[in-house]
Structure formats: structure tokens, C-alpha cells
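Trainee: Could you take me closely through one small part of this model, and then place it in the rest of the fold? I have the sequence and the coordinates open, so please go residue by residue.

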Amino acid sequence: MMNRWFSKHSSIFFLLIFFSCQSEYEKLEKRELSSGKKVDELFLGLKLGMEKRDFFQTCWDLNKEGLLTNGPTELSVEYSPEMPSGNAAKMRFYPKFLEDKIYLMPIEFQYESWAPWNEELSVDKLREDVLKLMEEWYGPGFIEVSNEDESKIVYVKMDGNRRIRIFKKSLSAVRVEISDLPVQKMLSEKES
């Protein structure tokens, strides 16, 4: 009788342990990907899944309006967003394409007047500023994810298929990656 009770309830027990062991991020990812919701909006009229030629046309049009310029490298577009702090910053981006469609938008932010001795424009302040900007653009709901010793901290938000990650890239730059997560996962599996 005891064995039957144990075998009947052990699967429930193990499921509870499994779900309690999942991280907050893993729960978020599973919930959002299983929702079936498709969210493609990036910024400035750009979208995940946008054709390469449409990306170039949109950037060309925004360049003619004076909103975008060429960045410091041949494959970067530069924008000067209004940061919540009021500090002047540059936002540089250029997407990654799969079959001529955007699936990942890497973005780098940097304060224009950054200097190693200027604590007010430190990368930690920039990360806070970028997080606030991303919350203005995409809404609240970013969670903090870190490794065990908390030496690497990433802020993450997911809306259906769209994942947004914010993290320090260097002493002076913060990186944001907006991806179509199912496409990115599929590419990672192919590479493995």
C-alpha cells in the first residue's frame, strides 16, 4: 500500500523539485516561447524579420531626415537617443541577417564625454541609463540574471519570441542584443 502511494505521488514530487530548480530566467523563457506570441518591433521602424533591402531603405530615409549617420566602422549605423539621464550618448547598431532577414540586432551605447576618471559617466551609470531607456521603449519587466559570483550581470526581458539582453561590454560601453530567440536557438543548435 505504501509503495503504491509513493509511486503515485513521487512523480508529482519530482515535478515540483524540477520546477523549483529552474531559474527565474528559464521559467520566463519557457513561458514566453510557449505563449506563441510574436513580437517583432525593434526601434525607429526597424523590425525583426525585416528584409535586408527594407532595412537599408529605412536607414537611408532616416539618414536623409538627419536622425541616423554612418558609425565609425563601415558596418555600423549611429543614432543619438535621448537618454533618461540627459547625458549625451551614441547608439551604434547593425543587424545580423539569416536568409536576408533580421534575426539579431546588436547595439552598443557609449556616453559621448566618457573618460575613465569621470564617475558620473561610468559604465555602471550607463547600464542604468540604458536599462531605463529600454524600459521606456519596451516596457517594464526586465529581470536581473547573474553568474554565481555576480561578476557578470545581464538584464533580460522577453515578449513572446523577442528577447532583449543588456550587459556591460567594456569599460565604456553597454551592449544590448535584441533577438528572435527561436531563430537564434535554431542557429546555435546547427553550430553545435
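Mentor: Happily; let's begin with Lys52, which lies over the face of Phe97 at 4.9 Å from the ring centre. A charge sits over a ring when NZ of Lys or CZ of Arg is within 6 Å of the ring centre and within 35 degrees of the ring normal. Please keep in mind that this is a predicted model, in which local features need pLDDT of at least 70 and side-chain atom pairs count only at pLDDT 80 or more, while totals for chains, interfaces and linings use all residues. Residues are numbered from 1 along each chain as its sequence is written, and side-chain values use heavy atoms, with hydrogens and water left out.

Now look at the residues on either side of Lys52. Glu51 belongs to the loop between α2 (24–34) and α3. Helices (DSSP runs of H or I, at least four residues) and strands (runs of E, at least two) are numbered from the N terminus. Glu51 counts as partly exposed because its relative accessibility is 26%; buried means under 20% relative accessible area, exposed over 50%, and partly exposed in between, with a 1.4 Å probe and protein chains only. Glu51 also comes back to Phe97: the two are 46 residues apart in sequence, yet their C-alpha atoms are 8.5 Å apart. Setting aside neighbours within four places in sequence, Glu51 is in contact with Asp100 and Lys101, where contact means heavy atoms within 4.5 Å.

On the other side comes Arg53, in helix α3 (residues 52–64). Arg53 counts as exposed because its relative accessibility is 59%. Asp100 turns up again here, 47 residues from Arg53 in sequence and 8.2 Å from it in space, C-alpha to C-alpha.

Stay in α3 and move along to Thr58. At 18% relative accessibility, Thr58 counts as buried. Its side chain reaches the backbone oxygen of Asp54 at 2.8 Å. Leaving out neighbours within four places in sequence, Thr58 is in contact with Leu44, Leu46 and Met50.

What does α3 help to build? Along with β2 (77–79), β3 (89–93), β5 (101–111), α4 (123–138), β8 (162–168) and β9 (174–180), α3 supplies at least two residues of the largest nonpolar core. Such a core is a set of buried Ala, Val, Leu, Ile, Met, Phe, Trp, Tyr and Cys residues joined through side-chain atoms within 4.5 Å. It has 36 residues, and those with the most contacts inside it are Phe43, Phe55, Phe93, Met105 and Phe109. The largest share, 7 residues, comes from α4. Another core, of 8 residues, lies apart from it and has Leu28, Val154, Val156 and Met158 among its members. Met105 is a good residue to select on your screen: beyond four places in sequence, its contacts include Leu46, Phe55, Phe93 and Val176.

Aromatic rings add another view. The whole structure holds 8 aromatic pairs, a pair being rings of Phe, Tyr or Trp (its six-membered ring) with centres within 6.5 Å; planes under 30 degrees apart count as stacked, over 60 as edge-to-face and the rest as tilted. Trp137 and Tyr138 make an edge-to-face pair, 6.2 Å centre to centre with 75 degrees between the planes. Trp137 is partly exposed at 31% relative accessibility, whereas Tyr138 is buried at 11%. Ring pairs join these two with Phe43 and Phe93 in a cluster.

Finally, follow the strands from β8, where 5 of the 7 residues are buried. Strand β7 (residues 153–159) pairs with β8 in the antiparallel sense over 5 bridges; strands pair if DSSP finds at least two bridges between them. Arg162 in β8 is the bridge partner of Asp159. The hairpin of β7 and β8 has 2 residues between the strands, and Gly160 takes a positive phi near 60 degrees there. β8 also pairs with β9, antiparallel over 7 bridges, in a hairpin with 5 residues between the strands. There, Val176 in β9 is the bridge partner of Ile166, and Val176 is also one of the contacts of Met105.

For the whole protein, the secondary structure comes to 5 helices and 9 strands, and buried residues make up 40% of the 192 residues.

Note on methods
Polar contact = N/O pair within 3.5 Å; in protein donor to acceptor, adjacent residues only side chain to side chain.
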